Amino acid sequence: MEVVILGGRRQIGKLAADAIEELLRRKPDAVLGLATGSSPLPVYDELAERNSRGLDFSRATAFTLDEYVGLPAGHPESYREVIRREFTDRVNIAPEKVHGPDGSAGDIPAACQAYEDAIAAAGGVDLQLLGVGTDGHIAFNEPGSSFASRTRIKSLIEQTRRDNARFFKSLAEVPHHVLTQGLGTLMEARHVILIATGAQKAQAVREFVEGPVSAICPASILQFHPHATVLLDEAAASAL
Ligand code: GLP
């Protein structure tokens, strides 16, 4: 695991965008793994800017990490809408090449398997962006998630619902269930870039970078990933 401590969110955005630009120039039909949350936003801003200057996403495919279960179609906080607003509508990626787990499916296990199949059919993820939860979760793999897990339904713990309540009118509106790529799914991405900023992430960063590899801290599995890059600002790195 390579840990890089940078001066701020803008610099983090540029470094991650450099890796994505290098990938797209080498492999124009690359498969990108996209994350929601505030951590990757500077990357998306930087990529939108580079797209306006000619960086081409037209042959790329994208897969998002996770989705709430039970939000009505088109709900502004469904991750399908969030990723569209924050990234994919701002670059020239084809909308039909942007995939996410179907949180409104009637048959949830079938939808999860279909998502795994779609990732495999695309040839797997070349570069996966990740944030990390204050409890060490990645995607929505909460503490205790199996390292071998695949895309499936999960219950959110209260801390995560509270962390995410800022996007909803009230805590009561935050769904209790989500679909998420599993830790086993994420570990198959060829390159993982995890971004964490701010003092509220310092403890989780310390645990997953320096602590034991344990399901109690799901992000710690990245210690076993052959190509994982962790981009931190000084506040997020302050407990290392
Ligand atoms: C949610 C998402 C995660 C994300 C986390 C942290 O729980 N499912 O993918 O990493 O929030 O979000 P933020 O980057 O806003 O701190």
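Here is a short talk about a three-stranded sheet and a ligand shell in a predicted model.

Guide: Welcome! Residues are numbered from 1 along each chain as its sequence is written. The model is predicted, so local features need pLDDT of at least 70, side-chain atom pairs count only at pLDDT 80 or more, and totals for chains, interfaces and linings use all residues.

Visitor: What makes E7 and E8 a pair?

Guide: Two strands pair if DSSP finds at least two bridges between them. Four bridges join E7 to E8, so the definition is met, and the two run antiparallel. Within that pairing, Ile 153 has Leu 179 in E8 as its bridge partner.

Visitor: And what makes E4 and E8 a pair?

Guide: They share three bridges, again antiparallel, and Tyr 68 stands opposite Val 178 in E8. Strands here are DSSP runs of E with at least two residues, numbered from the N terminus.

Visitor: Why are E4 and E7 called edge strands?

Guide: The order is E4-E8-E7 in an open sheet. E4 (66–68) and E7 (152–155) each have a single partner strand, so one side of each is left without a neighbour in the sheet.

Visitor: How do you know which residues surround the ligand?

Guide: A residue is near a molecule if its C-beta atom, placed from the backbone, lies within 6 Å of it. The shell holds 14 residues, and the closest are Gly 37, Ser 38, Ser 39, Gly 131 and Gly 133.
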